[in-house]
Amino acid sequence: MASWSEFAADEPRLADAIRLLMQQYGPGFGYLATVRADGGPRVHPVSPVITDEGLFCFVIDSPKRRDLERDGRYALHSFPPEESDDEAYVAGHARPVTDHARVARLAENFRAEPRADWRLFEFTVDVAMLARRDHVGMEAPGARQGGPAVQVWLDPRASDTPAAGQPAVPGRARRRRAAHRAAA
């Protein structure tokens, strides 16, 4: 599991493009998918915080917070821009931030409501994806006519061996190498 800063160091242009889409309206805005207790998906709008040190989210007491506390798997998708159908997506695992100084610094810098019952989570990045669609009069580099140009990054350190309780993803290492080469 890579931190946002590790991902950004490995693929800085991709990380910058994803950050721009997530923060296109000022503060971060996207849709967070979590895993319900029954295994089904749950999707909520959130305000992700992307800094040089990581990808974070302040999550109030809610079903999505309980999902993250129970099963940290998540997916985060950008809000669609008004002028295009470009999209950004990251997925990985969320974990509560326990360093009180870090929590206090981020809460102050990003004006987290001090009276709200929130918990700060850091999101690791197992996969990051950016899709650019054709713009009027322009074709995205690398895209077939009418199709999106897609860039994918998969954590090169992730293995085919799943963590306890996680399903195996057949051929992940092979797809990861191919996706990483295609994104370069």
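Arg111 lies in the loop between α4 and β7, and this report, which describes a predicted model, starts from that residue and works outward to the helix before it and the pocket beside it. The phi angle of Arg111 is near 50 degrees, a positive value in a residue other than glycine. Is Arg111 buried or exposed? With a relative accessible area of 77%, Arg111 is exposed, since the cut-off for that class is over 50%.

**The protein as a whole**

The protein holds five helices and nine strands, and its elements, read from the N terminus on, follow the order α-α-β-β-β-β-α-β-β-α-β-β-β-α. Of the 184 residues in the protein, 43% are buried. Among contacts with a separation of 6 or more, 63% join residues that are 24 or more positions apart.

**Helix α4**

Helix α4 spans residues 100-109, and its buried residues are Arg102, Val103, Leu106 and Ala107. Why do these residues sit on the same side of α4? They cover an arc of only 130 degrees around the axis, and therefore they share one side of the helix. This agrees with a general feature of such elements: an α-helix has 3.6 residues a turn, so residues three or four places apart point the same way.

The face of α4 turned away from the buried side carries the exposed residues His100, Ala101 and Glu108. At the start of the helix, a side-chain oxygen of Asp99 comes to within 3.0 Å of the backbone nitrogen of Ala101, while at the other end α4 is followed by Arg111, with its positive phi.

The buried residues of α4 pack against three strands, which are listed here with their residue ranges.

| Strand packed against α4 | Residues |
|---|---|
| β3 | 49-51 |
| β4 | 54-60 |
| β7 | 118-123 |

**The second largest pocket**

Arg111 also takes part in the lining of the second largest pocket, where 15 residues form the lining and Ser47, Val49, Phe58, Phe110 and Arg111 lie nearest its centre. The volume of this pocket is about 240 Å³. Which strands each supply at least two residues of its lining? Both β3 and β4 do so, and these two strands are also among those against which the buried residues of α4 pack. By residue class, the lining of the pocket divides into ten nonpolar, three polar and two charged residues.

Taken together, Arg111 is an exposed residue in the loop between α4 and β7, and it is one of the lining residues that lie nearest the centre of the second largest pocket.

Technical notes
Residues numbered from 1 in each chain as written. Predicted model: local features only at pLDDT ≥ 70, side-chain atom pairs only at ≥ 80, totals over all residues. Heavy atoms only, no water. Buried < 20%, exposed > 50% of the residue type's maximum accessible area, 1.4 Å probe, protein only. Helix = DSSP H or I, 4+ residues; strand = E, 2+ residues; numbered from the N terminus. Arc of directions from axis to C-beta. Contact = heavy atoms within 4.5 Å. Polar contact = N/O pair within 3.5 Å; in protein donor to acceptor, adjacent residues only side chain to side chain. 1 Å grid on protein atoms, 1.4 Å probe; cavity = no way out; pocket = protein on both sides within 12 Å on 5 of 7 lines; lining within 4 Å. Points joined across faces, edges and corners; volume = space filled by probe spheres on them. Nonpolar A, V, L, I, M, F, W, Y, C, P; charged D, E, K, R; others polar.
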